[in-house]
Each structure stands twice: as structure tokens, then as C-alpha cells.
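User: Please take a close look at the internal cavities of this structure. I am new to it and would welcome a connected account.

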Amino acid sequence: MIRRTFLALTTAMALSAPAFADNHSKDIVDTAVGAGSFTTLVAAVEAAGLVDTLKGEGPFTVFAPTDAAFAALPAGTVEDLLKPENKDKLTAILTYHVVPGKVMSTDLSEGLTAATVQGANVTITLEGGAKVNGATISTADIEATNGVIHVIDAVILPPEG
């Protein structure tokens, strides 16, 4: 099972590698901008005032939802979150996608929990492919100068409370 998961992650990464060429000289934000499939995430990071943080020294592990993941949210959700009065909620959601330190796919194990920058934990599962809180990791181990990005197919939300 682990070998199959590794092979799936390796294949997914190989197929998407051209979109992330030359990341070793770019930080997490510039890598996301250069990829072209994270315009909503980048806009949200800007609206939340997190650009400087994610351009900082790190290292950070970012579970990055694609534009399609944001588009799958209920209509109006993204627009509502981008309003200045919802900055705290947006910041909480975005920081829930960030884990301090550099966590590569080889570090992931079934049932692994990790504390996010937001404060709550995320849980990794490997059954049927690597996932974080049920969101599939479609591309793993995109290295940047200040950490690593794992592309996910859904926006994960922190627990209420």
C-alpha cells in the first residue's frame, strides 16, 4: 500500500513537474504564483496580509488548494471571505493549510497529526492515496527556498470553536 501510494505521488509529481520548474530559487509565494493554478490562493494570501509571512524564512509546509478547489466551495464563499471584515476568518482558514517545518511526502504516515500555524491539527491518511483531512494530495514535494508545497484538491476548514 505504501509503495503504491509513493508510486502514485511520484507519477503525479512527474506529470506536473514542468509547471513547477526551477522552484529552488523561489519562495513559496513566488512558486505558487509561477504555477498559474493558484490565483485564488494567492489573492486570499494577499487579502489576509500573509504574503510577507509566507515569503519569510520558514520552513513551511503548505497544503495548497488549487483554483478548482476554491471554485468547488459554495457560490459566494470566496468573495465573502475576501471582504476586509472577514480577514480574521480568512486568515484562520489559510493558516490551517500551513504546518511549521518542512514535511516531505516521505515523512507522511497513516494517522499522522500535525499542528498547523492556525493552532488546530490536520490528520494525514494514506488509504487510497495520501490525503490531509480528506483532501487528496494530487502533487507532492514541490520544493521552494523556504519550504515545500503539497497540492490538494479541496479547501480544508479548521474546526469551529
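Analyst: The following account moves from the overall fold to the cavities and their linings.

This is a predicted model, in which local features need pLDDT of at least 70 and side-chain atom pairs count only at pLDDT 80 or more, while totals for chains, interfaces and linings use all residues. Residues are numbered from 1 along each chain as its sequence is written, and side-chain values use heavy atoms, with hydrogens and water left out.

The protein contains seven helices and seven strands; helices (H or I, at least four residues) and strands (E, at least two) are DSSP runs, numbered from the N terminus. Their order along the sequence is α-α-α-α-β-α-α-α-β-β-β-β-β-β. Of the 161 residues, 44% are buried, where buried means under 20% relative accessible area with a 1.4 Å probe, protein chains only.

The search of the whole structure finds two cavities of 30 Å³ or more. A cavity is a set of points on a 1 Å grid over the protein atoms alone where a 1.4 Å probe fits but cannot get out, and lining residues have an atom within 4 Å of a point. Grid points are joined across faces, edges and corners, and a volume is the space filled by probe spheres set on the points.

The largest cavity holds about 130 Å³ of space. It is lined by 13 residues, of which I28, L41, V45, L54 and V62 are the closest to its centre. At least two lining residues come from each of α2 (28-35), α3 and β1 (60-65). By class, 12 of the lining residues are nonpolar, one is polar and none is charged. In this scheme Ala, Val, Leu, Ile, Met, Phe, Trp, Tyr, Cys and Pro count as nonpolar, Asp, Glu, Lys and Arg as charged, and the others, Gly among them, as polar.

The second largest cavity holds about 40 Å³ of space. Its lining is formed by T40, A44, F70, L73, V78, L81, L82 and L90. The elements that give two or more residues to this lining are α3 and α6 (77-81). The lining comprises seven nonpolar residues, one polar residue and no charged residues.

Helix α3 spans residues 39-47 and includes T39. The side chain of T39 makes a polar contact with the side chain of D67 at 2.8 Å; such a contact is a pair of N or O atoms within 3.5 Å, and within protein one must be able to donate a hydrogen and the other to accept it, with residues adjacent in sequence counting only if both atoms are side-chain atoms. T39 and F70 are 31 residues apart in sequence, and their C-alpha atoms are 9.9 Å apart in space.

Note on methods:
Buried means under 20% relative accessible area, exposed over 50%, partly exposed in between (1.4 Å probe, protein chains only). On a 1 Å grid over the protein atoms alone, a cavity is a set of points where a 1.4 Å probe fits but cannot get out, and a pocket is an open set with protein on both sides within 12 Å along at least five of seven lines; lining residues have an atom within 4 Å of a point.
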